Amino acid sequence: MPPFLRALDLPPPFRLVVLREAGDAFAHASAHAAELGAGTLVIVGRFDLAEFAVVLEPEETLARACSFYAGMTALADALAALAPPETPITIEWPDRLKIGRRLVGGGRLGWPQSADERERPDWLVFGAVIRLVSMRSEEAALDPVSTALADEGFGELAAERVVEGFARHLMVAIDCWQEGDFAAIAQGYLSRLRPERGVRRAIDASGDLRIERPGEPVACLDLRAALTEPLWLRPCCFHRS
């Protein structure tokens, strides 16, 4: 295990799997989810990124929406707890995490390709990547599209601090989930979206986002379709190398 991951302290339900620097946490967790089992947290041993994925084994047919919204909220809450005071940390629907208006990373969700939308999936994987430090030149670091935690006043924050915070906040969300309180999970996620004057948002029973703007028809954004291609992973916005 890399020295900077030896102090990782996770709540008891989680089991740690560490990959070498060239590994892909989301791909590994998705490929081996069935044998790894629920609570397995896969992390890549890198100093520039907090890259990790957790295996979940839900009991409900609404599992995709619950898992994704709980994971994104836990990710945002973890960063908020580590951030300097009044740092604006928001989610851009569905999967992009921003500091101010600059992308710092995001989350994604994986499930078995054969899973029936109407049935409970055998497993789900929530994965995330957060840029800790910029590996670019000084000029590129001024890119208005993306940023790193170190550039936003977080200091020399190690990956394990982000992962530990995520795990603790995810446990809180899972407790709500197990009590059948999807509304609390949805509200936690909605509270992290950037406010817009006069705009009302809600997450419906299928997990889709409904948006009401004055004088316009209600818009409905399909969550499952949006999760098939994480936009924050595009090279123009965010990449692992």
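Me: At what angle do helix H3 and helix H5 pack, and how far apart are their axes?
Reply: Two packed helices are described by the angle between their axes and the distance between the axes. In this predicted model, helix H3 covers residues 63-82 and helix H5 covers residues 182-190. The two helices pack at an angle of about 45°, with their axes 9 Å apart.

Me: Is H3 roughly parallel, roughly perpendicular or oblique to H5, and why?
Reply: The angle between H3 and H5 is about 45°. Angles under 35 degrees count as roughly parallel, and those from 65 to 115 as roughly perpendicular. Because the angle of about 45° belongs to neither range, H3 is oblique to H5.

Me: Is the crossing of H3 and H5 left-handed or right-handed?
Reply: The handedness of a crossing depends on which way the near helix is turned from the far one. For H3 and H5, the crossing is left-handed.

Me: How many nonpolar, polar and charged residues does the contact of H3 with H5 have?
Reply: On the side of H3, the contact is made by Ala-65, Cys-66, Tyr-69, Ala-70, Met-72 and Thr-73. On the side of H5, Phe-182, Ile-185, Gly-188 and Tyr-189 take part. Gly counts as polar, and Gly-188 is one of the residues of H5 in this contact. By class, the contact has 8 nonpolar, 2 polar and no charged residues.

Me: Which strands are the edge strands of the open sheet of 3 strands?
Reply: The order of this sheet is E8-E9-E10, and the pairing is antiparallel. An edge strand here pairs on one side only. The edge strands are E8 (200-203) and E10 (219-221).

Me: Which residue in E9 is the bridge partner of Arg-200?
Reply: E8 and strand E9 (residues 209-212) run antiparallel and are joined by 4 bridges. The bridge partner of Arg-200 in E9 is Glu-212.

Me: Which strands of the sheet does H5 touch?
Reply: H5 packs on the sheet, and its direction makes about 140° with that of E8. The strands touched by H5 are E8 and E9.

Me: What is the order of the open sheet of 7 strands?
Reply: The pairing in this sheet is mixed. For instance, E1 and E2 pair in the parallel sense over 5 bridges, whereas E2 and E3 run antiparallel and are joined by 3 bridges. The edge strands are E1 (15-19) and E4 (89-92). The order is E1-E2-E3-E7-E6-E5-E4.

Me: Which way do the residues of E2 point, and are they buried or exposed?
Reply: In a regular strand the side chains alternate between the two faces of the sheet. In E2, Thr-40, Val-42 and Val-44 point one way, and Leu-41 and Ile-43 point the other way. E2 is mostly covered, with 5 of its 5 residues buried. Whichever way they point, all are buried.

Me: Which residue in E3 stands opposite Leu-41?
Reply: E2 and E3 form a hairpin with 4 residues between them. In this antiparallel pair, the residue of E3 opposite Leu-41 is Val-54.

Me: At what angle does H3 run to E7?
Reply: H3 lies across strand E3 (49-56), E4, E5, strand E6 (102-110) and strand E7 (124-131). The angle of H3 to E7 is about 25°.

Definitions and conventions:
Residues are numbered from 1 along each chain as its sequence is written. This is a predicted model: local features need pLDDT of at least 70, side-chain atom pairs count only at pLDDT 80 or more; totals for chains, interfaces and linings use all residues. Side-chain values use heavy atoms; hydrogens and water are left out. Axes are lines fitted to C-alpha atoms, for helices over the stretch in contact, and angles run from 0 to 180 degrees between N-to-C directions. Angles under 35 degrees count as roughly parallel, over 145 as roughly antiparallel, 65 to 115 as roughly perpendicular and the rest as oblique. Contact means heavy atoms within 4.5 Å. Two strands pair if DSSP finds at least two bridges between them. Buried means under 20% relative accessible area, exposed over 50%, partly exposed in between (1.4 Å probe, protein chains only).
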